[in-house]
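Please look through the model below with an eye to how its helices and aromatic rings are packed. The explanation after it moves from one helix to a group of rings and then to a pair of helices.

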Amino acid sequence: MITETKIRNIVTAILCIGILSLSICLLLLPKKDFSENENRYLTKFPILSVKNVLDGTYTASLSDWFADHFPQRDFFVGLKSQTEILSGRKEINHIYVAKDDYLIEPYAPPQNTQRIIDTLNRFYKKVSQTQATINLMLVPTAVTIHKDLLPQNAPASNQLETVQSIYTGTEIPKIDCMDSLIAGISQGQLYYRTDHHWTTLGAYYGYLAFCEAKNLEPVPLTSLQKQTVTEDFAGTLYSKVNDYNHKKDSITVYTNPEDCLTVTYIDSNEVSDSLYNFDYLTEKDKYSIFLNNIHSLIEIENQTSSSEDVLMLIKDSYANSMVPFLAHHYRKIYVFDTRYYKDGPSSFLSEHKEINDILLLYNMNTLDTDSGIRGIY
C-alpha cells in the first residue's frame with residue numbers, strides 16, 4: 001500500500017530531478033545571443049561587482065538571464081501565448097488579437113504634438129527660403145483603418161484627431177492619404193497581419209494620394225512586374241505576441257520595367273541597381289528587403305526618368321515600400337532617415353540647389369516618440 005508519505009516523497013523526488021535536469025541543461029546547453037522569434041537580443045550573463053550587488057542590478061540582471069536562457073524557452077513562451085489566446089484574452093503584451101488573424105498595435109495618446117508642430121514649422125521656414133516645394137504626409141496605421149477588426153470595447157484613442165491637429169498647426173501643405181487608404185480596403189491587404197507596417201499595396205494607395213496632390217500620372221499596378229517574394233513573414237507584432245502558430249504574412253514587391261536605377265547607400269558606400277535586397281528574405285526581419293534595411297542617406301538615380309525633378313524624402317520606415325513607386329517620377333531622390341543622419345537635411349538642402357521637391361512621410365504610431373522627426377532641422 002502506497003502511503004501519503006510515500007506519495008509526497010515520490011513527488012518531491014520527481015520535482016528535484018526535474019529542477020536538477022533543467023539546471024544542468026541551463027548550464028551545459030549552448031546559449032543564443034539573439035531570439036529570432038522575439039526579434040531581440042537576449043540578456044547577457046551579468047558581470048559580478050560590488051557596486052552591482054549593492055545596488056541590486058546584479059540580481060535583477062541574473063534573473064533576466066535565467067528567464068532568457070531557460071531550456072526550450074521558445075516552446076514555453078509560445079505555449080503561454082497560445083493558452084492566453086484560447087482562454088479568450090484579446091490583448092497580449094499591449095497588442096490586440098483582432099479579427100481576421102490581425103495583430104494590431106494600439107495608438108497611445110500623444111505627448112509631444114506641439115513639439116512636433118514647432119519642429120515642422122522651423123523646417124518649413126528654412127525651406128521657404130529656397131525654390132523647393134514641400135508636403136507632409138502622415139499615415140494612419142491599422143488601428144484606424146481596420147478599427148472594425150478590433151476586439152469589442154477595445155480602448156481607442158482617435159488617431160485622426162492628432163493627424164488633423166498637426167496638419168492644422170503646421171504651415172506645410174498636407175497630403176492626406178486617409179481617403180485613398182479607405183478606398184483601397186476592398187482591393188486587398190493594406191497592412192500586414194503580423195507587423196506594424198503597411199503592405200506594398202497599402203504603400204501604393206499612399207502613392208496614389210501623393211500623385212493626386214502633385215498632379216502626377218500614377219503608374220498602374222498592371223504595368224508593374226509583381227512578385228511575391230515570401231509567404232513566411234513574421235513581423236514585429238508577431239514577436240511581441242509570441243504566438244508561434246499565428247498565420248504568417250506574404251511580402252509582394254513591384255518593379256517598373258521602364259526604370260533604370262542606380263541606388264547608392266552613402267553611409268556604407270554600397271551601390272545597387274535595385275531598391276530591394278533579397279538577402280533579407282532568409283532573416284527574421286524580412287521587411288528590410290525594402291531599401292536594404294536602415295541607412296542614414298540613400299541616393300536614387302533613375303536614368304530613364306522623363307522628369308528632371310529632384311526629391312528630398314525625409315521619412316520613417318513606412319516610406320521604404322513606397323519609394324519604388326515614387327522613383328519613376330524623379331531623376332533623383334535623396335532619402336533621409338534622420339534618426340541616423342546627424343548633419344541635418346536643412347544643411348544638405350542649402351548645398352543641393354537642384355532639389356525642387358520635398359516630402360515628409362511618417363506613420364502616426366511612431367511619430368510621437370520617433371527621434372527622427374526631431375532631427376529634420
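The paragraphs that follow take up these topics in turn, for a model that is predicted.

A good place to begin is helix α9, which covers residues 200-214 and, with its 15 residues, reaches 21 Å from its first C-alpha to its last, close to the 21 Å expected at 1.5 Å a residue. This helix is mostly covered, since twelve of its 15 residues are buried; among them are Leu 201, the tyrosines Tyr 204, Tyr 205 and Tyr 207, and also Phe 210, Cys 211 and Lys 214. The surroundings that these buried residues pack against are made up of the strands β6 (133-139), β8 (249-255) and β14 (357-363), together with the helices α8 (178-184) and α11 (323-326). Just after α9 comes Asn 215, where the backbone takes a positive phi of about 55 degrees.

From the helix we turn to the aromatic rings, of which 14 pairs are found when the whole structure is searched. In one of these, the rings of Tyr 192 and Phe 233 have centres 5.1 Å apart, and because their planes stand at 85 degrees, over the 60 that the class requires, the pair is edge-to-face. The two partners come from distant parts of the chain, 41 residues apart, with Tyr 192 in the loop between α8 and α9 and Phe 233 in strand β7 (residues 225-233). Tyr 192 has a relative accessible area of 2% and therefore counts as buried, the cut-off being under 20%, and Phe 233, at 1%, is buried as well.

Tyr 192 also pairs with Tyr 287: the ring centres are 6.3 Å apart and the planes again at 85 degrees, so this pair too is edge-to-face. Because Tyr 287 lies in the loop between β10 (270-272) and β11 (297-302), while Tyr 192 lies in the loop between α8 and α9, the pair ties together parts that are 95 residues apart in sequence. Tyr 287 is itself buried, with a relative accessible area of 4%. Taken further, ring pairs link Tyr 192, Phe 233 and Tyr 287 with Tyr 276, Phe 278 and Phe 290 into a cluster.

Elsewhere, helix α5 (residues 113-127) and helix α7 (residues 159-169) have axes that come within 9 Å and cross at roughly 35 degrees, and this crossing is right-handed. On the α5 side the contact is made by Thr 113, Ile 116, Ile 117, Leu 120 and Asn 121, and on the α7 side by Thr 162, Ser 165, Ile 166 and Gly 169. By character, the residues of this contact divide into four nonpolar and five polar, with no charged residue.

Methods:
Residues are numbered from 1 along each chain as its sequence is written. This is a predicted model: local features need pLDDT of at least 70, side-chain atom pairs count only at pLDDT 80 or more; totals for chains, interfaces and linings use all residues. Side-chain values use heavy atoms; hydrogens and water are left out. Helices (H or I, at least four residues) and strands (E, at least two) are DSSP runs, numbered from the N terminus. The expected span of a helix is 1.5 Å times one less than its number of residues. Buried means under 20% relative accessible area, exposed over 50%, partly exposed in between (1.4 Å probe, protein chains only). Contact means heavy atoms within 4.5 Å. Rings of Phe, Tyr and Trp (its six-membered ring) pair if their centres lie within 6.5 Å; planes under 30 degrees apart count as stacked, over 60 as edge-to-face and the rest as tilted. Axes are lines fitted to C-alpha atoms, for helices over the stretch in contact, and angles run from 0 to 180 degrees between N-to-C directions. A crossing is left-handed if the near helix is turned anticlockwise from the far one by less than a right angle, and right-handed if clockwise. Ala, Val, Leu, Ile, Met, Phe, Trp, Tyr, Cys and Pro count as nonpolar, Asp, Glu, Lys and Arg as charged, and the others, Gly among them, as polar.
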